[in-house]
Amino acid sequence: LLLFYAGLKTDLELIRGFLKYGLLLAIGGVIVSTLILGGGIVWLASSTGSDLAPGIRDAIPVGAALLIAACLGSTDAGATLSVLRQVQRRVPERVRHLLEFESSVNDPAALIVFSITLSLLSVGNGQQPVSQLLVEALSDLLQKLGSGLLVGLGFGYVAKRVIDQFVLDKEQLLIVAMSIAFIDYGFTHLVGGSGFVAVYVTGVFMTNLHYCKAEVNHEALQEVLAPFNTMTEITIFLLFGLLLNPADLLPSLPMGIGAAAMLMLVARPLSVLCFQPFSPFSWRESLLISWCGMRGAVPLALSFNVVQAIPSLRGLPAGAATALAHNAQSIVFI
């Protein structure tokens with residue numbers, strides 16, 4: 001639902017001049033920041049980095065570090081949009097539009113990167129050569145993205161026809177919009193695609209269509225979904241807070257703070273600035289973009305997947321898996 005709303009907020013006319021760069025930043029930036037942060041976490045947990053993060057005694061395996069980093073790969077559309085609304089007069093308009101687009105697209109990108117990382121490092125794939133694993137991971141990525149894109153476009157057209165034919169007033173739009181998002185996600189998941197990509201693409205497609213009734217259009221959809229979107233975000237964060245015991249966070253506090261500093265000061269800036277040769281923005285604007293990398297609901301959701309995923313990593317002693325999994329979740333939360 002959050003990604004569907006983010007798609008509805010994406011106007012392709014406003015990002016036409018930097019659409020390719022936005023996609024490169026949203027997908028490539030997630031991959032680069034995951035690799036840099038994963039390496040940084042391994043270094044922080046080693047004896048070399050123990051002075052920077054006191055209290056770390058056991059080294060974190062590379063696989064676990066990459067999964068933690070993959071959780072933290074995406075920026076949060078809700079947080080980004082909220083901050084940009086407060087300072088919109090001081091930020092160049094096209095920078096705002098880029099940040100909105102990037103923070104919306106990189107959520108499904110981060111989810112796919114996380115699943116690929118897990119498939120490459122899990123025990124079930126231990127006997128296969130790395131080249132074969134990479135080919136399978138790339139094939140899986142293309143299938144998820146391709147299916148999500150095609151189904152999302154198809155559902156966008158169907159949704160437009162449904163709204164034109166059956167929606168008589170704005171009061172009906174909320175339940176119609178929620179139904180579109182749920183059916184879209186479920187069908188895409190059923191055919192092996194990424195439901196997150198599909199619902200976002202559907203939202204984007206619906207925003208850039210023209211509707212029969214002047215009062216029932218994409219702006220009306222945004223209007224009725226806005227309070228529900230806010231309620232959804234609040235509920236998600238409340239649930240995550242209820243599921244975590246504050247006492248469990250204390251042992252991972254130094255590592256969590258170290259990882260946060262690594263993410264803010266190194267991984268996020270480098271993941272933006274390394275694509276500067278392809279950027280239509282100045283260095284000054286790119287520096288501002290690199291500092292607008294807030295994290296939100298997606299990393300918290302993926303942190304629960306980490307608890308289940310870490311025990312299946314190759315080369316990890318069975319006795320250390322449970323404790324490491326909970327520590328990894330705490331690091332993401334911090």
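This is a short chat about reading helices, their packing and their buried residues in a predicted model.

Visitor: I see helices lying against each other everywhere. How do I describe a pair of them?

Guide: Two packed helices are described by the angle between their axes and the distance between the axes. Keep in mind that we're looking at a predicted model. Let's start with helix α2 (residues 19-45) and helix α5 (residues 93-121).

Visitor: Okay, at what angle do α2 and α5 pack, and how far apart are their axes?

Guide: The angle is about 45°, and the axes are 8 Å apart. The two helices are therefore oblique to each other. As for handedness, α2 and α5 make a right-handed crossing.

Visitor: Which residues of α2 and α5 meet?

Guide: On the α2 side you'll find L19, Y21, G22, L23, L25, A26, I27, V30, I31 and T34. Facing them in α5 are L98, F101, E102, V105, N106, A109, A110 and V113. Sort the residues of this contact by type and you get 14 nonpolar, 3 polar and 1 charged.

Visitor: Is there a reason the numbers in such a list skip along?

Guide: Here's the general idea: an α-helix has 3.6 residues a turn, so residues three or four places apart point the same way. Look at the α5 list with that in mind: L98, F101, E102, V105, N106, A109, A110 and V113 are its residues in the contact with α2.

Visitor: Nice. Which pair should I try next?

Guide: Try helix α3 (residues 62-71) with helix α13 (residues 297-309), which pack at an angle of about 160° with axes 8 Å apart.

Visitor: Are α3 and α13 roughly parallel or roughly antiparallel?

Guide: Roughly antiparallel, because an angle over 145 degrees counts that way. α3 passes α13 in a right-handed crossing. L67, A70 and C71 of α3 touch P299, L302, S303, V306 and A309 of α13. By type, that contact has 7 nonpolar residues, 1 polar and no charged.

Visitor: Let me pick a single helix now. How many residues does α8 have, and what span does it reach?

Guide: Helix α8 covers residues 195-207, which is 13 residues, and its first and last C-alpha atoms are 18 Å apart. That is close to the 18 Å expected at 1.5 Å a residue.

Visitor: Is α8 mostly covered or mostly open?

Guide: Mostly covered: 11 of its 13 residues are buried. The buried ones are G195, V197, A198, V199, Y200, V201, T202, G203, V204, M206 and T207.

Visitor: What packs against α8?

Guide: One partner is helix α7 (residues 173-190): the two axes come within 8 Å and cross at roughly 135°. That makes α7 oblique to α8, and the crossing is right-handed. From α7 the contact uses I180, A181, D184, Y185 and T188, and from α8 it uses G195, F196, A198, V199, T202 and M206. Those residues divide into 7 nonpolar, 3 polar and 1 charged.

Visitor: How do I judge whether one residue is buried? Take M206 in α8.

Guide: You look at its relative accessible area. M206 has 0% relative accessibility, so M206 counts as buried. Leaving out neighbours within four places in sequence, M206 is in contact with F4, L8, G156, A159, I163, I180, Y211, H218 and L221.

Visitor: And F205, also in α8: is F205 buried or partly exposed?

Guide: Partly exposed, because F205 has a relative accessibility of 26%, and buried means under 20%. With residues up to four places away left out, F205 touches L153, G156 and Y157.

Visitor: Can a charged residue be buried too? What about E285?

Guide: E285 sits in helix α12 (residues 283-290). E285 counts as buried because its relative accessibility is 17%. Setting aside residues up to four places away in sequence, E285 touches P92, R94 and V95.

Visitor: One last thing: how should I think about distance along the chain and distance in space?

Guide: Check them separately. L270, in helix α11 (residues 253-273), is 237 residues from S33 along the chain, with their C-alpha atoms separated by 7.5 Å. F205 and G192 are 13 residues apart, and their C-alpha atoms are separated by 21 Å.

Visitor: Is L270 buried or partly exposed?

Guide: L270 is partly exposed, with a relative accessible area of 43%.

Definitions and conventions:
Residues numbered from 1 in each chain as written. Predicted model: local features only at pLDDT ≥ 70, side-chain atom pairs only at ≥ 80, totals over all residues. Heavy atoms only, no water. Axes fitted to C-alpha atoms, helices over the stretch in contact; angles between N-to-C directions. Helix = DSSP H or I, 4+ residues; strand = E, 2+ residues; numbered from the N terminus. Parallel < 35°, antiparallel > 145°, perpendicular 65-115°, else oblique. Left-handed = near helix turned anticlockwise from the far one by under 90°. Contact = heavy atoms within 4.5 Å. Nonpolar A, V, L, I, M, F, W, Y, C, P; charged D, E, K, R; others polar. Expected span 1.5 Å × (residues − 1). Buried < 20%, exposed > 50% of the residue type's maximum accessible area, 1.4 Å probe, protein only.
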